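User: Please take a close look at how the inside of this molecule is packed, and explain it in one connected account.

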Amino acid sequence: MSSETTFPVLPRRFSRSLPTLTSTLASLNDRLLFAVPKKGRLHTQCLDLLSGSDIQFHRHNRLDIALVKNLPLALVFLPAADIPTFVGEGRVDLGITGRDTVAEHDAKTPGSETTGIEELLDLEFGKCDLQVQVPEKGEIQTPEQLVGRNIVTSFTALSEKYFRELEDSQDGKESNGEVNGDGPRKLRTNIKFVGGSVEAACALGVADGIVDLVESGETMRAAGLKAIATVVSSTAVLISSKHPSDPSLVRLIAARIRGVITAQKYVLCTYNVERASLPKATTITPGRRAPTVTNLQDEKWVAVQAMVERKRIAQAMDQLSEMGATDIIVTKIENTRTV
């Protein structure tokens, strides 16, 4: 996490400056602050999520603060890797970032009663893995073979924790890394920080292995690397500080976002089926809690409505049709409120 990151001056909450509109700053005192990634792999999907949650705002060009029009809320656009720090210290109330950056923050700065991060929701996008990688044609096949060698990464805290546990396991010690209660012993594995182009480190002779994020794996393979272990599996998450300024508004925003995520994941399936076949039909479409069953004028038939995961709706329709269900209709869900 860069110590050079700049961010807006906010009343009583931030300590460095960024050019902003005076009128915008004057409007922040009574607003809950919500940090979202200003760019990168999570940015576009975050904006879509905010739109689906009816969080209405206009961001002025090159301005990293946006006032929400229909809620006492302000969006603060920050680097995703820095968001856990601001949320953990209570500088902002809510944030969206990757679980990998939260884990890196927690490895560096464990929480206390007053500081730290609470994960509210898994947003189910931005999936990736923080993996140990080595040259594909090299001799190293397991992460244990990298102990004592050079590792390059942007995630130094997680990498140090991972390799310390490997070293302790090899030494037959508990993974607290302490020697006679004198504090952490020196790590034999050399962890080096690189902020970008981590995948080039092995080819340039800087590292024997790297720890880096893998999404599709194309960049890894293009660099002649292969994954030999996973340190953390990550998705985008909604996080909050331990003491947000407006807990009721935090709950409202979380409920809206949860509703959008559910609507993206499910569709509504409606069909008619003979009453005698209802038990079998409801095993195909059990719904999130239970299907809705309505009597028809023909007492031998019922109408069924159930939420079905989008990814399996085609298979469900095939199975329903095969068992005699009729008038099968699938409807897109715009939004929901679920628990």
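Analyst: A contact here means heavy atoms within 4.5 Å. Among contacts in the chain between residues at least 6 apart in sequence, 71% join residues at least 24 apart. The model is a predicted one, with a mean pLDDT of 88 over the chain and 89% of the residues at 70 or more. Over residues 1–9, however, the pLDDT is below 50, although this stretch has 31 contacts in the model beyond near neighbours in sequence. Residues 11–21 likewise stay under 50, and for them the model has 36 contacts beyond four places in sequence. Where pLDDT is low, the predicted coordinates should not be read in detail.

With that caution in place, the chain has nine helices and 15 strands, and buried residues make up 45% of its 339 residues. In soluble globular proteins, nonpolar side chains tend to be buried together. In this model the largest nonpolar core has 28 residues, and those with the most contacts inside it are Phe34, Leu123, Leu238, Ile253 and Ile257. Two or more residues each are given to this core by β1 (32–37), α2 (43–52), β3 (73–78), β4 (94–98), β11 (236–241) and α7 (247–265), and the largest share, seven residues, comes from α7.

Phe34 is a useful place from which to follow the packing. Leaving aside residues up to four places away in sequence, Phe34 touches Leu50, Ile55, the run Leu73, Ala74, Leu75 and Val76, then Leu94, Gly95 and Ile96, and finally Leu238, Ile253 and Ile257. Three of these partners, Leu238, Ile253 and Ile257, are also listed with Phe34 among the residues that have the most contacts inside the core.

Helix α2 shows how one contributor to the core is placed. Its buried residues are His43, Cys46, Leu49 and Leu50; seen down the helix axis they fall within an arc of 120°, so they line one face of α2. The face turned away from that buried side carries the exposed residues Thr44 and Ser51. What covers the buried residues of α2 includes β1, β3, β4 and α7, each of which is also named among the elements that give two or more residues to the core. Cys46, at 1% relative accessibility, falls under the 20% cut-off and therefore counts as buried. After α2 comes Asp54, whose phi is positive, near 60°.

The loop that follows β3 offers a contrast in accessibility. Pro79 is found there, between β3 and α3 (83–88), and at 29% relative accessibility it counts as partly exposed, because that value lies between the 20% and 50% cut-offs. Pro79 and Lys39 are 40 residues apart in sequence, yet their C-alpha atoms are 7.0 Å apart in space.

A second, separate core has 18 residues, including Leu130, Leu146, Phe163 and Ile228. Leu130 directs attention to strand β6 (residues 128–135), where six of the eight residues are buried, so that the strand is largely enclosed by the rest of the structure. Strand β6 is joined by eight bridges to β10 (residues 225–234), the two running antiparallel, and in this pairing Val132 stands opposite Ala229. Five bridges join β6 to β9 (residues 209–214), again in antiparallel fashion, and there Leu130 stands opposite Leu213.

Toward the end of the chain, helix α9 (residues 313–322) can be read in a similar way to α2. The buried residues of α9 are Ile313, Ala316 and Leu320, and because they fall within an arc of 60° seen down the axis, they line one face of the helix. Asp318 and Glu322 are exposed on the face turned away from the buried side of α9. The cover over its buried residues includes β12 (266–274), α8 (278–284), β14 (301–309) and β15 (326–332). Just after α9, Gly324 takes a positive phi of about 105°.

One further point concerns the cysteines. Cys269 has a relative accessible area of 0% and is therefore buried, and a search of the whole structure finds zero disulfides.

Terms used. Residues numbered from 1 in each chain as written. Predicted model: local features only at pLDDT ≥ 70, side-chain atom pairs only at ≥ 80, totals over all residues. Heavy atoms only, no water. Buried < 20%, exposed > 50% of the residue type's maximum accessible area, 1.4 Å probe, protein only. Helix = DSSP H or I, 4+ residues; strand = E, 2+ residues; numbered from the N terminus. Pairing = 2+ DSSP bridges. Arc of directions from axis to C-beta. pLDDT = per-residue confidence, 0-100. Core = buried A, V, L, I, M, F, W, Y, C linked by side-chain atoms within 4.5 Å. Disulfide = S-S within 2.5 Å.
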